[in-house]
Amino acid sequence: MDYGLFERILSIDSTSGKERQLSEMLAQSLPEWFVGQGAQVPQLSRSEVGDGTENLLFSWGEPRVVYCTHMDTVPPFIAPTFREDRIEGRGSNDAKGQLFSFACACARLSAAGESGFGLLLVSGEETGSYGAKAFAKTDFRAPYLIVGEPTCNKMVSASKGTKSYKIHIGGRRCHSGYPEHGVSAVEIFHKILSALDAAGFPEDPILGPTTWNVGKLVSDNAQNILSDSLDCRIYFRTTFASDAMVQTKMAEIAGWDYVEMEAIGGDIPREYLTLEGFETAPVSFGSDAPHLNNFERRAICGPGDILTAHTSDEYVLKADLEKAVDQYVRMFETLKNI
């Protein structure tokens with residue numbers, strides 16, 4: 001495997017919003033790199049996302065199978081380090097390792113005389129799947145999509161859904177020595193958390209428990225004054241058993257006094273395409289896959305472990321990258337005649 005290409009990809013800071021530098025490099029350099037690997041020159045289609053970033057689609061013939069992953073990474077940028085058995089740095093695991101593995105698989109397939117596949121690289125996955133949503137509005141259609149995410153090289157059988165809510169809680173300020181004369185936004189927030197703890201979201205036999213967390217929490221009041229304002233977001237990982245119940249519960253809370261709530265997106269739990277002869281597992285993370293409805297069947301699989309993604313110690317094993325390339329080639333060979 002040409003790890004020189006991987007080093008170039010990892011050395012570019014493509015944290016969300018900065019993908020353009022990476023996409024420009026790939027658009028210019030990948031066709032020549034493919035030829036150097038013995039592959040045919042792919043057709044390249046570039047499409048604007050609308051926020052200054054772009055999507056790239058490399059095609060060999062008319063694609064029936066499309067490999068897809070995202071070019072953006074979470075901040076901060078961490079420069080790559082190549083070790084004997086592993087490669088460290090931001091994106092090595094999520095999702096530049098998948099990008100590199102897909103490129104190697106495409107080169108191998110084309111060099112062997114195959115056609116009918118493509119490589120789709122999108123922007124903005126980490127901040128709302130903006131590239132995937134933009135591509136879904138195009139006229140492109142194909143039977144099969146294989147999305148690259150860190151799944152320990154297992155094909156994803158099912159994934160949790162997501163639900164995100166933007167919440168503002170009001171109140172009435174007063175001296176904290178006389179709390180009976182005010183309304184604490186923080187106390188209302190505490191009651192929301194207690195209500196969610198007591199909601200009893202059911203355990204799903206496939207996807208397990210429903211989880212949620214609080215982000216972007218702000219309540220900037222003095223310590224001796226009851227807060228009259230709190231803002232936050234609550235983000236759910238839902239299951240087949242709980243997705244509708246979460247929405248019902250949050251609609252109930254939205255009706256409380258002093259609470260303003262806005263649902264700001266998400267997707268539903270989904271089952272995905274798996275193939276005989278490959279390990280499978282459910283996952284709790286989201287991806288671009290639910291938004292890419294240009295495809296009849298969608299699969300998710302890739303090298304790396306989700307538990308090291310988004311961390312300061314992010315890495316991918318070289319052996320996992322090599323296994324991924326072999327698996328991606330086998331997936332195409334299985335799907336091309338179905």
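How far apart are the mean positions of the positive and negative charges of the chain? They are 2 Å apart, taken over 31 positive and 46 negative charges.

## Overall picture

This is a predicted model. The chain holds seven helices and 16 strands. Its C-alpha trace spans about 80 × 40 × 40 Å along the principal axes.

Of the 338 residues, 51% count as buried. The chain exposes about 15,100 Å², and carbon and sulfur atoms supply 47% of that area. Among contacts with a separation of 6 or more, 81% are between residues 24 or more positions apart.

## Strands S3 and S7

Strand S3 covers residues 65-70, and six of its six residues are buried. In a regular strand the side chains alternate between the two faces of the sheet. Both faces of S3 are covered. Val65, Tyr67 and Thr69 lie on one side, Val66, Cys68 and His70 on the other, and all are buried.

S3 pairs with strand S6 (residues 117-122) through six bridges, and the two run parallel. Within this pairing, Thr69 stands opposite Leu121 of S6. S3 also pairs with S7 in the parallel sense, over four bridges. Here the bridge partner of Tyr67 is Ile146 in S7, while Cys68 stands opposite Val147 in S7.

Strand S7 takes in residues 142-147; six of its six residues are buried, so S7 is largely enclosed by the rest of the structure. In addition to its bridges with S3, S7 is joined by five bridges to strand S15 (residues 295-300), and these two run parallel. Leu145 has Arg298 of S15 as its bridge partner.

## The three-stranded sheet

Strands S13, S8 and S14 form an open sheet in the order S13-S8-S14, with mixed pairing. Strand S13 (270-271) and strand S14 (280-283) stand at the edges, each with a single partner strand, so one side of each lacks a neighbour in the sheet.

Strands of a sheet pair through backbone hydrogen bonds, either parallel or antiparallel. S8 (residues 155-159) and S13 run antiparallel and are joined by two bridges. In this pairing, Ala158 has Glu271 of S13 as its bridge partner.

## Helix H3

Helix H3 is made of 16 residues, 96-111. From its first C-alpha to its last it reaches 22 Å, close to the 22 Å expected at 1.5 Å a residue. Of the 16 residues of H3, 14 are buried, so the helix is largely enclosed by the rest of the structure. Gly113 follows H3 and has a positive phi, near 90°.

## His168

His168 is found in strand S9, which covers residues 161-170. Is this residue buried or exposed? Neither word applies: His168 has 25% relative accessibility and so counts as partly exposed, since buried means under 20% and exposed over 50%.

Not counting residues up to four places away in sequence, His168 touches Ser229, Leu230, Asp231, Tyr258, Val259 and Glu260. His168 and Val218 are 50 residues apart in sequence, and their C-alpha atoms are 9.7 Å apart in space.

Definitions and conventions:
Residues numbered from 1 in each chain as written. Predicted model: local features only at pLDDT ≥ 70, side-chain atom pairs only at ≥ 80, totals over all residues. Heavy atoms only, no water. Buried < 20%, exposed > 50% of the residue type's maximum accessible area, 1.4 Å probe, protein only. Contact = heavy atoms within 4.5 Å. Areas by Shrake-Rupley, 256 points an atom, 1.4 Å probe, with all protein chains shown as cover. Lys, Arg positive; Asp, Glu negative; His and termini not counted. Charge placed at Lys NZ, Arg CZ, Asp CG, Glu CD. Pairing = 2+ DSSP bridges. Expected span 1.5 Å × (residues − 1).
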